[in-house]
Structure formats: C-alpha cells, structure tokens
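Morning, everyone. Please have the sequence and the model open side by side. I will keep this short.

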Amino acid sequence: MGEFAGSQKWTISRILLYVIAFGLAIIFFVPVLYMVFTSLKPEGSIMGNLFDRVLPPFTFDNYFYIFETAPVIKWTMNSLIVSIIVPVLSLTMASLAAFALSRIDFSYKKIAFWLILSGMMIPGEATIVSLYMVANSLNILDSYAALILPGLAGPLAVVIIKQFFDGMPDELVEAAKIDGCSLFRIWWNIFIPLSKPVFASLMIFSFLGSWNDFLWPFLSIQSEDLFTLPIGIPFFMSSYNQDETLPMTINAYASIPIIIVFIIFQKYIVKGMTLSGIKG
C-alpha cells in the first residue's frame, strides 16, 4: 500500500512538472509565433486583433523584399564571420590560459587567476569608453579587427575550462610526460579531446553572444558594408515607422540561425555545464 501511494505521488508530481514545463514553453513560444505570423502577412495588412495575425492571407513576399532593398546577405555574412571566428579564437586562448593555471606551476599563479576571475565582475559597458580609445589608437575602428579582437578575452571561459581541467586525473599527465609528450601535446592530444562537451557548450554561448552583440559594433563600425545583423536591423527598421510586417520579417530572418544552433546543440549546454563542475 505504501509503495502504491509513493508511486501515485511520484506520478502526480511528474505530471505537474510536465504541465508547468509545457505552460512555460507556450509562454516563451508565443512571441516567436507572433513574430513569424506577422512576418508572413502582406504589407499594409490591418491586424487589429490576434485572429487577424494567425488567419490567411499569408505571403513570403516580405522576405524577398528585404533581400532586394537591403544588403541583408552581406550583414548575415559579417555576423557569421564574427560569430565563428570569435568563439574559435577566444576558446583557444581561454583553454591555453586555463591549462597553464591548472597544470603549470609558476610564480603568482593564484594572483593571476584571481585577476582573471575579477574580470567577470566588471560589466562590459563599464569598459566601453577605454576600449574605444584603445581601438582608435590602434587604428582598427571600422574594420573586422574591431569586431573580432575585443571579443577574444573571455574570463568566464577561462574559469570554467580551468575547473574542468582541475578534474582531470593527474595520472594522465604523468603518463604523457613519461612518454615524452611536451606540455603543448598534453594540452592538444589529451585535454582538448576530453573537454569536447565543455567546449561545445561554451562555443554555443560565445556564438550567441557574438551574433546578438549590438553596443560595441554600433560604436566601432560606420561603413554599411561592415554592419552585422544587429546593427543593420535598426538601420532597416528606421524606414518603416508605421507598418510592422517588414521589421518583423527581418527580425524573424535574423532569429533563424540562433534557433538552428540551439536545436542542434542544446544537449551540450546542460552536459557541458554539468561536467565543468566535476572534480577528480
């Protein structure tokens, strides 16, 4: 009787959990549906209520129009270049720093780690003026270098990767040293392959952050050919103050890569963050 009651209680709890999760999913999904349905409505459509948005007529003419009137493909390519290069280079640098902090003994190592850790407490907006002055003195404003180089410093990635490296068995490192492996080969051939879930998770977050970044590209880029999508969208939307179909169309288009990346790699987000807390 007790087992039946426990099983019934567990079943009710699980059902309640699914109901809550389903309800939250609907709440978060409604704005996406609102955006998609609005983007498919003919330009100039009267949409006084919800039914006007979700009922026909629908058209893809808005998507063809934004490609004809704005360099959306160029903006997309710029966003992809930045969003791919920044995660690859930043995680490479972060993993090297994490490996040094985790496995190499040197003077003031703890001080160096705490300095990196303290960088997480400084909001990016607080450094934007000094960052602009440095970029201006290096003469890299209005270039791909201005979009890429500031994103390479990632203290959070260093801390997470170091925590994962700390959990690696010391026997692996000792065996590699006995076989004559250099520190670089230990990092590349042992630590990197074993850290794929963590790297995949951090890669996704870095990609999303680079794709959605607005403030720094807005300040550092003046040429329209170098606009990323977050900069190009407001530039495009400024021409359409009354009708909302075209602004919703370009926003829906800009959301497609993010949705695809999240759907494909979502399992690595939880798995990577969980494994980063393992201790040996």
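I will go through the salt bridges, one helix, the largest pocket, a surface patch and some loop residues. One thing before we start: this is a predicted model.

Salt bridges, then. How many does the structure hold? The count is three. Let's take them one at a time.

Start with D170 and R103. Their side chains meet in a salt bridge, at 2.5 Å from N to O. Find both residues on the sequence. D170 sits in helix α9, residues 170-178, and R103 sits in helix α4. They are 67 residues apart, so this pair links distant parts of the chain. Now, is R103 buried or exposed? R103 has a relative accessible area of 19%. The cut-off for buried is under 20%, so R103 counts as buried. D170 has a relative accessible area of 47%, which makes D170 partly exposed.

Next, D166 and K162. Here the closest N and O atoms are 2.8 Å apart. Why are these two separated by about one helical turn? Because they are four residues apart in helix α8. Look at the cover on each partner. K162 is buried, at 14% relative accessibility. D166 is partly exposed, at 31%.

The remaining pair is K109 and D105. Their side chains meet at 3.5 Å, N to O. D105 is exposed, with a relative accessible area of 74%.

Now a helix. Go to α11, residues 196-212. Let's do a quick check on its length. The helix has 17 residues. The expected span is 1.5 Å times one less than the number of residues. For α11 that gives 24 Å. The end C-alpha atoms are 24 Å apart, so the two values agree.

Is α11 mostly covered or mostly open? Mostly covered: 12 of its 17 residues are buried. Among the buried ones are P197, V198 and F199 near the start of the list, and W211 at the end of it. F207 and L208 are buried too. So are S201, S206 and S210, by the under-20% cut-off.

On to the pocket. The largest pocket holds about 1,300 Å³ of space. How many residues line it? There are 34. The closest to its centre are P150, G151, A153, G154 and P155. Several helices give two or more residues to the lining. They are α4 (72-103), α6 (128-137), α8 (155-166), α11 and α12 (215-220). You have met some of these already. Helix α4 holds R103, and helix α8 holds D166 and K162. And α11 is the helix whose span we just checked.

How do we find empty space at all? Rolling a probe the size of a water molecule over the atoms shows where it is left.

Now turn to the surface. Which residues form a nonpolar patch there? They are I256, I259, I260, F262, I263, I264 and F265. Together they have about 630 Å² of accessible area. Take I260 as an example. I260 lies in helix α14, residues 245-275. I260 is partly exposed, with a relative accessible area of 45%.

Last stop: the loops. Begin with the loop between α5 (109-118) and α6, where I122 is found. G124 is in that loop as well. I122 is partly exposed, at 49% relative accessible area. G124 is partly exposed, at 45%. Now some distances, C-alpha to C-alpha. I122 and A146 are 24 residues apart in sequence and 20 Å apart in space. G124 and L215 are 91 residues apart in sequence and 9.7 Å apart in space. Try finding that second pair on your screen.

Then the loop between α6 and α7 (144-148), which holds N139. D142 is found there too. Check their backbone angles. N139 has a phi near 60°, a positive value in a residue other than glycine. D142 has a positive phi of about 60°, and D142 is not a glycine either. How do they sit? N139 is exposed, at 70% relative accessibility. D142 is partly exposed, at 24%.

That is the tour. Questions are welcome.

Key
Residues are numbered from 1 along each chain as its sequence is written. This is a predicted model: local features need pLDDT of at least 70, side-chain atom pairs count only at pLDDT 80 or more; totals for chains, interfaces and linings use all residues. Side-chain values use heavy atoms; hydrogens and water are left out. Patches are made of residues with over 30% relative accessible area and no salt bridge: like charges are joined within 9 Å, nonpolar side chains (Val, Leu, Ile, Met, Phe, Trp, Tyr) within 5 Å. Accessible areas come from the Shrake-Rupley method with a 1.4 Å probe; for residues, only the protein chains shown count as cover. A salt bridge is a side-chain nitrogen of Lys or Arg within 4 Å of a carboxyl oxygen of Asp or Glu. Buried means under 20% relative accessible area, exposed over 50%, partly exposed in between (1.4 Å probe, protein chains only). On a 1 Å grid over the protein atoms alone, a cavity is a set of points where a 1.4 Å probe fits but cannot get out, and a pocket is an open set with protein on both sides within 12 Å along at least five of seven lines; lining residues have an atom within 4 Å of a point. Grid points are joined across faces, edges and corners, and a volume is the space filled by probe spheres set on the points.
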